[in-house]
Amino acid sequence: MDIIIEDGQEESPDADVEDLKEELEAIQITAEPIIEPIIPTITKEDFSEYPESYKDNTNKEKLILAYVENYRRQYVHLFRDRKPLFLNPLNECGIEKFVCTTLRPTLLSYKALYHWQGCAEFVADYLTMKQLEPPQELPMCLFSPSTILKRQLGNCFDFSNILCSLLLGAGYDAYVVSGYATKEICLADESRQICPLLQPKKEVVKEAEKPEPRKYTVKPPRDLRSKFIIKMEARRKKEAEEEEKKKQQEDEEKIAELEKPPPDALYGLRIHAWVLVRGGKREVPEDFFIEPFTGQSYPPSSTSFLGIESVWNSINYWANMQNCASGCKDMSFDLMDTEKWEYMLAGSDQSQIEIPDVEEELYDLDDDEKENDDEKHLDMPATWVLPICVTKNQYEMRCPQGKKTTLYKKAKLEKYANYLLKDGLVTRLSVYDNNELTDLKKVQEWFENREDKLTTRVHQDGLITEDFVEGRPRSLQQHVYKASNPGPEAERTMTFFHKARVNGLCKREETPTEMTEHFVNRDDFLYLRHVLFGKRQKKVAPATAEGPPRPILKITEKFHRNDALPASKDVEEQIFIIHEDKIQITYHREDPNITASTRDFYKPPNAEEKGGSLQWSNDMTNTFQVNPHGSPAKNLAIYENLLQLIQTEQKSIQAVRSSEEEVKDILMDRQKEELASELAISVYDTERNDKAKKHRKELERLAMEEKLRRQEMEMDYLAPFLAQIGNPDKISKTQAFKLKEDCLADLKQRLIDKANLIQLRFEKETSELHKRQQDYQQKQVAMTKEDEEQYFNYCSEAMFRIHILELRLNRHKQMAPHKYMQLEQKLRQDPRLSVYF
Amino acid sequence: MSRLYDTVEPSVIDDEMLRKAVEEQGPKEEAGKIAKQEGVDYCDVLSLRLDFRNILKVDNLWQFTKLTKLQMDNNIIEKIEGMDALVNLRWLDMSFNNIEMIEGLDKLTKLEDLTLFNNRITRLENMDSLPNLHVLSVGNNKIDQLDNLIYLRRFPNLRTLNLTGNPVCDDQGYKLFAVAYLSHLVYLDFRLIDEDTRQKAHSLYENKLGELMHNEKQAEVAIEAEKKAAQELLKHKDAYVEHLNSPVLFESMYKEDPEGMKLSMLPGLQDMLKDFQDKFVEVCMKIFEFGMKEYEKRCKEMREFNTCIQDAEAANKRQAVAVIDAFEEYKKKLFAELLVTSDAEIQERKMNEYHEGVNETWDKIMGLEMQLVDQLEETIKDFERNMTDLMSQLVEYIQGLITQVRDLENSHNEKLLEMCMTVLEKVVKNEMDEELPDDLRMLFVDKDTIVNAIGASHDVHLMKIDNREDEIVTRSGAWLSGHMQKIHADECARNRARVVEITNYIDHLRDEIDTQFMP
C-alpha cells in the first residue's frame, strides 16, 4: 500500500521491525475475542499430528502478518461501510495464517488434472460441501488443503483454495475470489439448472461452400410460375413462422417466470468463494469463473455472482475497488490497474503476471537491478501447508464412499467410482418429465471396464440402445431394441464395426417380417440385402423348441458398380422372389443412359434340386435391353446365367439363415454377459488384478521352494556315518568322537588311495614307455618309416601323460594335508558335533 | 521331332476341324444341346485345343478374337504365324512342333504363359511385346548362347523358366548365370531356386550385373527423357509454336539459301549476322511464350466447358432417372395388383391408367431431354464464340510479331546490301585487303549479280517466314473448326442416342403390359 511504503521510507529499518512487532501483538489481542467460539472445536484435535509450520509462524510470516494488519487497518479506515476482508484466518491449529500462503500450487500426476475441467470436476466430486454458517459472515478458519483432503469436507473457501492450488500447478492464471453469490450457488443447488450432460451441443453449422459460378454453367430452365404468387406465399409463410416463434417465446417466458426461485431474504449478502481464471495462459482465451462446488464454469457476466471483495493467489492479494452494484458484469479483471484493484505487496507480481517480451526482458535486466537497488519489497513467504497429495486409490474413489448424486432440473445424475458397482456402472443420468422427478422419461447409463465392452445404455421411449467399444466377438457396435420384446425376430437394429468383420456387415435392421443388412467394402460389391419373411406355417407339434425358420418370401440384393465389367453385364439389383420362383435382375446403367437393362427368369419349380439337369425353354426369360441395336444375348449365356443364379439364390438363403442364427447367438451372448456382468481388469492394474497377484505370489513361492531345495542339495558328509550308527536323534559324546574319527580316517584313506592310484598309473605309463623304447632300439633298422613315425608319436604322447601324472601327484601331495585340516575344521563346527568340541 | 516328315499326312486348319473341335470342347448336357441348336460363334470361344492333328500351318484362326487359351502341341508346325487376331490370348502351347524361330507373337500382348517345348529354336528373340509373360518353357530346343538369356531380363513378371535339354545347359555356369541375371525367377527348370543358389549366383556375378544394371538404368533414363521431350513437343505443336523457342526457324532460312551461305563468309558480316540472329530469336521466343500462354488459356477454357457440360448432363440424368424409377415403382405395384384382380372392368381401367402413365413418363423424359438440348446448344454457342475470339487474338498477335520478324529481315537485308556495295566497290577498285573465297568472289563480278544474289536470299528468307505464319494460321483455324465440329457431332449423337433409348424404353413398357396380361 502506498502509505506503508511511505512510512517505510521515512523510518529506519530497525524501527520498522520494532513497529511491526508491536503491531503484531496488537493484532493478537484484537483477534482473541473472535477466536474464542472456535477454540473448543480445535482443541478437541491433537495438534501433534501437524508439522511445526502449522503450529507456529516464522519470522517472515510474522512480518507479512504485520503487513496484512496494516493493510486491513487502512482498508477499514478508508472503507468504513465495506465488509472486512478475508485476510488472515486461523488454521487448524488456531494459528493466524495469511490466505496467500495457504495456497500451494501443485500438479498431480493424473492426466485429467492437467486441464481445468478435470481439476474442477475432481474437487467438486472429491469433497463434500458444507455451507457457511452463518451464510453472510466470513469463516473464521481456513484449513490447509491436506487437512481438507483428508476430511473430504469443506466450505467454499476450502474448495476454492484447493482448486486454485491445482490450477496454479497446472499453469493457469488462477485466483481465489471472495465475494457474494446467489443462494443457489452458495448452496450448490443445481435443481434449477439443466444438467451439463443434457445441454444441447452447439452445432457448428458449416455453410455449404457455394460453388464458384462457372463460365459455362447451363442456364436453368425458365421458371414459368407467377413471381407474385410465390412472393405472397413466402410472405404468408414468414408471418406464420413469426407468429409461431412469438408464441413459443411467450411460452418460454411464462415457464421461466414460473420456475424462478423464490426471493431470497439474504440476496446479495451471502458470502461465497470461487475461482477466477484469467485468460492469457494455457491458451485460455478470456477470463471465466469456476464454481468450486459444482465444477461448472461461468462467464464473468453471469448473474449468479453478485459481487467481489477481494482476489488472491499464491503471489499477491488484491482488494476490489470497483462498484459491484450490477454484479460482476462490468468488472475489469486487469489486476495491474491500481484504480480498480488495490494490491497488497508491491513489486512482487509485475514480472510474473505480465509476459515480458524477450527484448524488453533484456532491457529490463539492468532496470531491475537498478530498481532492486532503489527499493526492496517484501515478498510472499513460503507456504506453510503440507504438499497436496492424492493417492491413486483416493483419486479413483472420487467422491466420499465413491458415490455422489446431484439433482438438476428435471434430471438426476448419479456418479459411482470405477469398480464400485458389480456391473461396472459409473454414471447414471435419469431424465424426468416434471420437476418433482417422478415421471421418468429417459435413463442413460455409462459403464466402465465391462468385460462385454458395454459403454452406455440408454432407455428411452421403450427402446433400449446399447453402445459397445471395439473388441467384441461379433464386432457389435450398437444394439437398439424394444425393451418389451428383447427376443429374436423382433424389431431391432444392430450396428457393427464393419472393418472388423469378414463379411463387411455394418448394420442389420430387423422387424418381425423384414430384415435389412447393409454392407461396406465388399469384394463382390454387395451393399444391401433385404429379406421379406412370410408367416410361419402353423404346425401341430413343432419338432424343436424354436420351430421351423420363417419362410423367406423375397430376397433383394443390391450391388455397387464394378468397373471391371461393362455396365450392361454388371448387376445392380437382383431380386429372388422365392415363393413365385422368379428372379429379377436389373443391370447398372451405362454412363450416358437413363434406363437400365433388365432380365427376368421364371424358374421351373424345384430347379435347385441337384441331379436332373434343368431343361431349357425360351419362355423362361424375359429381357429388356437398353441398346436396341446391340446383339441379343445368346441362349447359352442366359442358360448359364440362370444356373449360376439358382446357385446364388441358395447361397443367399444360406446367408439369411446364418444371419438369423447370428442374431440369436448375439442375443444369447448378451443375456449370458448381462447375468455374469464381469469387469475387466487391466493387466497393469496390480491392485485389482487378482490373477496377476496370484501369479506374483506363485512366483515368490516357487523362488522360495527353489531356495529350500538348493539348501537340501548341499551334501551332508556325515550322513553315511550317521547311518552306520542308525541315525540317532541325539549324538552322545563318544559317538561324536567316533564319528569324527571315522570321518577323518575315511578321508585319510581316500587321499592315500588316490595318491596310490596316481602313482600306479605313473609307474605303468613309465614302464610301458621303457618297454617301447627298448623295442624300438632293437628293431630300429627293420622299421618302416610309418612305424617309426608312429613310435615317435607315441613317445611324445606318453611323455606328456607322464608329465601330467607327475604334476597331479605332486599337487595331490601338497593339497592332501589341507583337505584333511579343512574337514577337521568343518567337523568341529558342525552343529551336530560342535557341542562336544 | 522324332516322327519323320514324310510318314504323316500334313493337315490344314479348316472349318470342319475347327467346328468339330469347338463342339467337342464346348458345353455339355443341356447347355450343349442349346449350343447345338443355336450354333456357337467362333468369336465367343475362350479356349481351343488343336493337338495331335498333324497341322503344318497355322491359319484360319482370325475369328477367335476372344480366345484366351490355345493348345497346338504335337503338330508339325514350322512357323509361328496367323495369330495376329488372337489379341486376348494368355496361354499358348506350341510344344512338340518343328518351330525354328520365335516370331509372329507381336500382337499377343496379353500372353502370360508361353510353351515352346521340344522345338528347334536356337535363339530367344522377338518377344519384346509380351510384358506380362509369367511362364516360359523352351526346353528341348537348340539354344546354345548363354548371353542370349540376358534377353529375358525385359520381362519383369517372368517367374518360371524352363530351359532343360538345350545345349546351353551343358555350360557349367549356366544355372548360376540364369539365377543371377534373372533375379525375378522363382522356378528354373522345374525346381524352386533356393536362397543358397541365389546368393552364390549373386556374389559370383555381382560386378557384371552391376554394370549391366547401370547401363539398363541409363537406357531407361534416356528413354524417359526422350518420351518427355516428345510430350513437350506435342504440347508445343498443339500451341502451334513448336521450335520457336530455339533458332530452328532462323537456321532453316539459311539452309535452303545457297547465296546467303556464301554471303555469310563476307568479312565483317559475322557480327552483323550474330546480332540479327539474336534479335530474330528473341522475337521468336516472344511468339513461343505467347503461344504457350494462350495454349494454357485454351486448355483451361476447354476443361471448364467440359466439366460444365458433364455437370449439366449428370444433373439431367439424375432427374430423368428419378422419373423412371418412380414409374418402375408404380409399375411393380400395378402388376402385383393386376395379378390378383380378376375383375375385367378393374383390369381394363388399370391398364388404361398404365398407358396414361407411360405417356406421361414419355412426356417428362422427352421434355427433360429437349431442355438439355436447348441448354447445351446455348452453352456450346458461347464456348464457340469465346474460342473463336481466343483464336483470332492469338493469330493477330502472332502476326504482329511475325511482322516484326519480317522487319528485322528487311533491315538486315538493307544493311547487307549496303555492305555488299562497299565491298563491291573495293573489289572493283582492287582495294580488297582480304582474300575472298572463290565462290563468294564469283558473286562480286558486277552489281547485278550481287544484287540478284542478295535479293534471292532475301526472298527465300521471307518465304520461310511467310510459310511459318501461314502454317500457324491454317493449323489453328483447322483445329478450331475441327474441334467445334466434333463437339456438335458429339452432342448430336448424344441426343439421338438418348431419343432412341427413350423410345425403346417406352415401347418396352407398352409391350410389357400387353405380353403379361393379354391372352
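**Close-up views of a two-chain model**

**View 1. Helix α7 of chain A, a largely enclosed helix.** Nine of the 11 residues in helix α7 (residues 116–126) of chain A are buried, so the rest of the structure largely encloses this helix. Keep in mind, here and in every view below, that this is a predicted model. The buried residues of α7(A) start with A:W116, A:G118, A:C119 and A:A120, and carry on through A:F122, A:V123, A:A124, A:D125 and A:Y126.

**View 2. Chain A as the backdrop.** Pull back for a moment and take in chain A, with its 19 helices and 25 strands. Of its 837 residues, 39% are buried. About 51,800 Å² of chain A is exposed, and carbon and sulfur atoms supply 52% of that. Looking at contacts in chain A with a separation of 6 or more, 57% come from residues 24 or more positions apart.

**View 3. A nonpolar patch at A:F228, A:I229 and A:M232.** These three residues, A:F228, A:I229 and A:M232, make a nonpolar surface patch of about 310 Å². Zoom in on A:I229, which sits in helix α11 (residues 227–259) of chain A. Is A:I229 buried or exposed? A:I229 counts as exposed because its relative accessibility is 54%, and the cut-off for that label is over 50%. As a reminder on helix geometry, an α-helix has 3.6 residues a turn, so residues three or four places apart point the same way.

**View 4. The loop around A:E491.** A:E491 belongs to the loop that links β16 (476–482) and β17 (492–496) of chain A. Its relative accessibility is 39%, so A:E491 counts as partly exposed. Leaving out residues up to four places away in sequence, which residues does A:E491 touch? With that exclusion, A:E491 touches A:V480, A:Y481 and A:K482, and also A:E510, A:T511 and A:P512. For another distance to check on screen, A:E491 and A:L463 are 28 residues apart along the chain, and their C-alpha atoms are separated by 9.9 Å.

**View 5. Where chain A meets chain B.** Here 34 residues of chain A are in contact with 41 residues of chain B. The size of an interface is often given as the accessible area lost when the parts come together. For chain A and chain B, the buried area is about 3,100 Å², with 54% of it on carbon and sulfur atoms. How many salt bridges does the rule find across the interface of chain A and chain B? It finds one, and the side chains involved are those of A:R589 and B:D325, at 3.1 Å from N to O. Six residue pairs are in polar contact across the interface of chain A and chain B, both partners being at pLDDT 80 or more. On the side of chain A that touches chain B, the elements giving two or more residues are β25 (621–624) and α15 (635–676) of chain A. Of the elements there, α15(A) gives the most, with four residues.

**View 6. B:E304 and its contacts in chain A.** B:E304 is part of helix α8 (residues 269–340) of chain B. Setting aside residues up to four places away in sequence, B:E304 touches A:R214, A:K215 and A:Y216. B:E304 and B:F383 are 79 residues apart in sequence, with 9.9 Å between their C-alpha atoms.

**View 7. Chain B as the backdrop.** Chain B has 11 helices and 10 strands, and 41% of its 519 residues are buried. The accessible surface of chain B is about 28,700 Å², 52% of it belonging to carbon and sulfur atoms.

Key
Residues are numbered from 1 along each chain as its sequence is written. Chains are lettered from A and ligands numbered from 1 in the order in which they are written. This is a predicted model: local features need pLDDT of at least 70, side-chain atom pairs count only at pLDDT 80 or more; totals for chains, interfaces and linings use all residues. Side-chain values use heavy atoms; hydrogens and water are left out. Patches are made of residues with over 30% relative accessible area and no salt bridge: like charges are joined within 9 Å, nonpolar side chains (Val, Leu, Ile, Met, Phe, Trp, Tyr) within 5 Å. Accessible areas come from the Shrake-Rupley method with a 1.4 Å probe; for residues, only the protein chains shown count as cover. A salt bridge is a side-chain nitrogen of Lys or Arg within 4 Å of a carboxyl oxygen of Asp or Glu. Buried means under 20% relative accessible area, exposed over 50%, partly exposed in between (1.4 Å probe, protein chains only). Contact means heavy atoms within 4.5 Å. Buried area is the accessible area (1.4 Å probe) that two parts lose on being put together, summed over both. A polar contact is a pair of N or O atoms within 3.5 Å; within protein, one must be able to donate a hydrogen and the other to accept it, and residues adjacent in sequence count only if both atoms are side-chain atoms.
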